Amino acid sequence: MKTLASTFAIALIGIAIFSGCNTPQFSAKRDFQKVIPINSQVDVNVETFNGNIIVTPTDQSEIELVAHIKTYGYSQEEADAALESVVPEIDTTTNAITIVCKKRNQALMYSDSVSFELKVPVSWPLHLVTSNGGIKTSQSRGPVTANTSNGKIEIKEAAGSLQLSTSNGKIIVESSVGNIQASSSN
């Protein structure tokens with residue numbers, strides 16, 4: 001019995017040491033800010049990874065965007081260089097504005113993250129997607145589509161239709177009217 005326990009303890013120590021060798025220990029952070037003037041109502045599409053999306057309403061005809069970016073590396077120089085390579089892509093058409101931030105390298109197991117905070121005109125349609133984070137908005141008057149693979153969705157005082165889905169998290173809808181479709185697999 002002692003041999004089995006000793007073997008198990010040694011195996012756990014080996015896993016911890018091995019994992020520590022492969023985990024980036026250095027990080028870098030910065031905020032990316034942008035004001036995007038828009039002349040007419042558009043669909044607002046936002047997609048990110050490992051981060052939250054928080055949308056608050058405004059009575060301005062513009063979108064105020066703040067992206068909180070955090071990257072990792074095996075050295076501070078690597079983390080700093082990675083930080084410069086993660087920039088939100090903003091595409092504006094006559095009908096939509098799309099704000100996307102993607103992982104810098106799908107093969108790496110880094111835990112880089114980008115969280116978005118946006119101020120958006122109250123009646124504009126929202127399409128919000130994150131792969132590993134929560135989504136939160138309040139007082140929206142347009143339709144809201146929110147999808148996350150691992151996080152909570154929280155909608156308060158919405159007046160438009162809601163399509164909400166998460167594969168692992170709570171969905172909370174408070175004081176909202178309109179058609180609501182919500183699903184969570186866990």
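This report walks through the fold of a single protein chain, from its overall make-up to its sheets, helix and core.

## First look

The model you are viewing is predicted. Its chain holds two helices and 14 strands, and buried residues account for 35% of the 186 residues. The surface that the chain exposes comes to about 10400 Å², with carbon and sulfur atoms supplying 52% of that area.

How do distant parts of the sequence meet? Of the contacts between residues at least 6 apart in sequence, 55% link residues that are at least 24 apart.

## One sheet, from β1 to β13

Let us begin with an open sheet of seven strands. Reading across, the order is β1-β4-β7-β3-β9-β11-β13, and the pairing is mixed. The strands at the edges are β1 and β13 (171-174), each of which pairs on one side only. On average, neighbouring strands here are turned by 10 degrees against each other, direction ignored.

Strands of a sheet are held in pairs by backbone hydrogen bonds, and they may run parallel or antiparallel. Both kinds appear in this sheet. β1 and β4 are antiparallel partners over 12 bridges, and along that pairing Q33 has V66 of β4 as its bridge partner. β4 is also joined to β7 by seven bridges, again antiparallel; there V66 stands opposite E117 in β7. V66 can therefore serve as a landmark, with Q33 as a bridge partner and E117 as its opposite in β7.

## The middle of that sheet

Moving on, strand β3 (residues 53-58) and strand β7 (residues 113-121) run parallel and are joined by six bridges. Two points to find along this pairing are I54, whose bridge partner in β7 is E117, and T58, which stands opposite P121. β3 also pairs with strand β9 (residues 135-138), in the parallel sense and over three bridges, and V55 stands opposite T137 in β9.

How much of β7 is buried? Seven of its nine residues are, so this strand is largely enclosed by the rest of the structure.

## A buried residue in β11

I155 belongs to strand β11 (residues 153-156). Is I155 buried or exposed? Its relative accessible area is 0%, so I155 counts as buried.

Which residues surround I155? Setting aside its neighbours within four places in sequence, I155 contacts T137, V144, L162, L164, I172, V173, E174 and S176. K136 is 19 residues away from I155 along the chain, yet the C-alpha atoms of these two are separated by 5.9 Å.

## Helix α2 against the sheet

Helix α2 spans residues 76-85, and its buried residues are A79, A82 and L83. These three cover an arc of only 105 degrees around the axis, so they lie on the same side of α2. An α-helix makes a turn every 3.6 residues, so residues three or four places apart point the same way. The face turned away from the buried side carries the exposed residues E77 and E84.

What does the buried side pack against? The buried residues of α2 pack against β1 (26-37) and β4 (62-73). The direction of α2 makes about 15 degrees with that of β1.

## The other sheet

A further open sheet of seven strands has the order β5-β6-β2-β8-β10-β12-β14, and its pairing is mixed too. β5 (89-92) and β14 (180-184) stand at its edges; each has a single partner strand, so one side of each is left without a neighbour in the sheet. The twist from one strand to the next averages 5 degrees.

Within this sheet, strand β2 (residues 43-48) and strand β8 (residues 126-130) pair in the parallel sense over five bridges. To find the pairing in the structure, look for T48 and its bridge partner T130 in β8.

## The nonpolar core

Finally, the largest nonpolar core contains 35 residues. Which of them have the most contacts inside it? They are V44, I63, I97, V114, F116, L118 and V120.

I97 is a good place to look around. Not counting residues up to four places away in sequence, I97 touches I36, I38, V42, D43, V44, N45, I63, I90, D91 and T92. Two of these, V44 and I63, are also among the core residues with the most contacts.

Note on methods
Residues are numbered from 1 along each chain as its sequence is written. This is a predicted model: local features need pLDDT of at least 70, side-chain atom pairs count only at pLDDT 80 or more; totals for chains, interfaces and linings use all residues. Side-chain values use heavy atoms; hydrogens and water are left out. Helices (H or I, at least four residues) and strands (E, at least two) are DSSP runs, numbered from the N terminus. Buried means under 20% relative accessible area, exposed over 50%, partly exposed in between (1.4 Å probe, protein chains only). Contact means heavy atoms within 4.5 Å. Accessible areas come from the Shrake-Rupley method with a 1.4 Å probe; for residues, only the protein chains shown count as cover. A nonpolar core is a set of buried Ala, Val, Leu, Ile, Met, Phe, Trp, Tyr and Cys residues joined through side-chain atoms within 4.5 Å. Two strands pair if DSSP finds at least two bridges between them. Axes are lines fitted to C-alpha atoms, for helices over the stretch in contact, and angles run from 0 to 180 degrees between N-to-C directions. The arc is that of the directions from the helix axis to the C-beta atoms.
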